[in-house]
Amino acid sequence: MKQLMIIGDSIMKGVMFNGQKYQLCQEHNFDFLARRNIAVQNFSKMGATVTTGLSILRRKLSAQPDLSGTTVLFSFGGNDCDFDWAQVSQNPDGAFLPHTPHEAYVEAYREAIRTAQDAGARVAVTSLLPLDAERFMQHISNGNSYDNILHWLGDVNHLYRWQEYYSTLSCTLARAFGCQLLDLRSEFLKMKNLRTLIGSDGIHPTQAGHDIIHHCVSAALA
């Protein structure tokens, strides 16, 4: 591998939440790979969904159509499975779709993988990091009605199960297309100190969490 192209959301961008604001972790552009003479291009973007990633990939291919010698690392799902919580809070008996419904998520992810492979790239896909349902519930209820959101969810742990469903979709697609799977979720779940790896918003890793991501990427793509 001569080049790593990372296309993902805020987690692969290196974003952390310190309780008041978002900031970047150390080596958020995977500088340790650059020290191995691997050119790293990190096109990850806060708030990105898989359709955003597909658009980014297509723009990059218009300038660099041949991705031979490149590994494209995709990491999506967290924003795709999320909802407009303000709307849920205002109408707890309503019917709402996530930002990317699961059928559209699978189709767009499939297209992104195919497009990268057709350009000659090796493709890797990450699973989703586990979220902390209690902290995430507090975070999305900030400025919204906790009780209304809970009424719509049924129980707080539905947040975890729903996000895990999208992680399973990502892993299934990776296996179906022969992509390398970076199972970040399992690396986090096996840790006894899991809550120290996830920030107060319940979803973004702490610096210690990002260190695990960096280790996994280094080990898998070296």
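Which residues in helix α7 are buried? The legends below take up this point first and then turn to other close-up views of the structure, which is a predicted model.

**Figure 1. The buried residues of helix α7 and the elements they pack against.** In helix α7, which spans residues 146-153, the buried residues are I149, W152 and L153. When the helix is seen down its axis, the buried residues of α7 fall within an arc of 100°, so they line one face of the helix. An α-helix has 3.6 residues a turn, so residues three or four places apart point the same way. The buried residues of α7 pack against three other helices, namely α4 (85-90), α6 (133-140) and α8. Directly after α7 comes G154, a residue whose phi is positive, near 100°.

**Figure 2. Aromatic pairs and one aromatic cluster.** The structure holds 14 aromatic pairs, of which two are described here. The ring centres of F17 and Y22 are 4.8 Å apart and the ring planes lie at 45°, so this pair is tilted. F17 counts as buried because its relative accessibility is 16%, whereas Y22 is partly exposed, with a relative accessible area of 36%. In the pair formed by F83 and W152, the ring centres are 4.9 Å apart and the planes lie at 70°, so the arrangement is edge-to-face. This pair links distant parts of the chain, given that F83 sits in the loop between β5 (70-75) and α4 while W152 belongs to helix α7, 69 residues apart. F83 is buried, with a relative accessible area of 9%, and W152 is likewise listed among the buried residues of α7. Both F83 and W152 belong to one aromatic cluster, whose other members are F74, F76, W85, F96, Y105, Y109, W162, Y165 and Y166.

**Figure 3. The largest pocket and its lining.** The volume of the largest pocket is about 270 Å³. Its lining is made up of 17 residues, and those that lie nearest the centre of the pocket are N79, D82, F136, I203 and H204. Helices α1 (10-13) and α6 each supply at least two residues of this lining, and the largest share, three residues, comes from α6. By residue class, the lining of the largest pocket divides into seven nonpolar, seven polar and three charged residues.

**Figure 4. The largest and second largest cavities.** A search of the whole structure finds three cavities of 30 Å³ or more. Rolling a probe the size of a water molecule over the atoms shows where empty space is left. The largest cavity has a volume of about 100 Å³ and is lined by 13 residues, with D9, I11, S75, L128 and L129 nearest its centre. The lining of the largest cavity consists of six nonpolar residues, six polar residues and one charged residue. For the second largest cavity, the volume is about 90 Å³, and the lining again comprises 13 residues, of which C81, D82, F136, L159 and W162 lie nearest the centre. Helix α8 (residues 158-176) provides the largest share of the lining of the second largest cavity, with four residues. That lining divides into nine nonpolar residues, three polar residues and one charged residue. D82 and F136, named here for the second largest cavity, are also listed among the residues that lie nearest the centre of the largest pocket.

**Figure 5. Two residues other than glycine with positive phi, F30 and N37.** F30, placed in the loop between β3 (22-24) and α2 (31-34), has a positive phi near 55°. N37, found in the loop between α2 and β4 (39-42), has a positive phi near 65°. The surroundings of the two residues stand in contrast, because F30 counts as buried at 1% relative accessibility, whereas N37 counts as exposed at 72% relative accessibility.

**Figure 6. A222 in the segment after α10.** A222 is found in the segment that comes after helix α10 (207-221), and this residue counts as exposed because its relative accessibility is 72%. Leaving aside its neighbours within four places in sequence, A222 is in contact with R36 and V217. The C-alpha atoms of A222 and N42 are separated by 17 Å, the two residues being 180 residues apart along the chain.

How values were computed. Residues are numbered from 1 along each chain as its sequence is written. This is a predicted model: local features need pLDDT of at least 70, side-chain atom pairs count only at pLDDT 80 or more; totals for chains, interfaces and linings use all residues. Side-chain values use heavy atoms; hydrogens and water are left out. Buried means under 20% relative accessible area, exposed over 50%, partly exposed in between (1.4 Å probe, protein chains only). Contact means heavy atoms within 4.5 Å. On a 1 Å grid over the protein atoms alone, a cavity is a set of points where a 1.4 Å probe fits but cannot get out, and a pocket is an open set with protein on both sides within 12 Å along at least five of seven lines; lining residues have an atom within 4 Å of a point. Grid points are joined across faces, edges and corners, and a volume is the space filled by probe spheres set on the points. Ala, Val, Leu, Ile, Met, Phe, Trp, Tyr, Cys and Pro count as nonpolar, Asp, Glu, Lys and Arg as charged, and the others, Gly among them, as polar. The arc is that of the directions from the helix axis to the C-beta atoms. Rings of Phe, Tyr and Trp (its six-membered ring) pair if their centres lie within 6.5 Å; planes under 30 degrees apart count as stacked, over 60 as edge-to-face and the rest as tilted.
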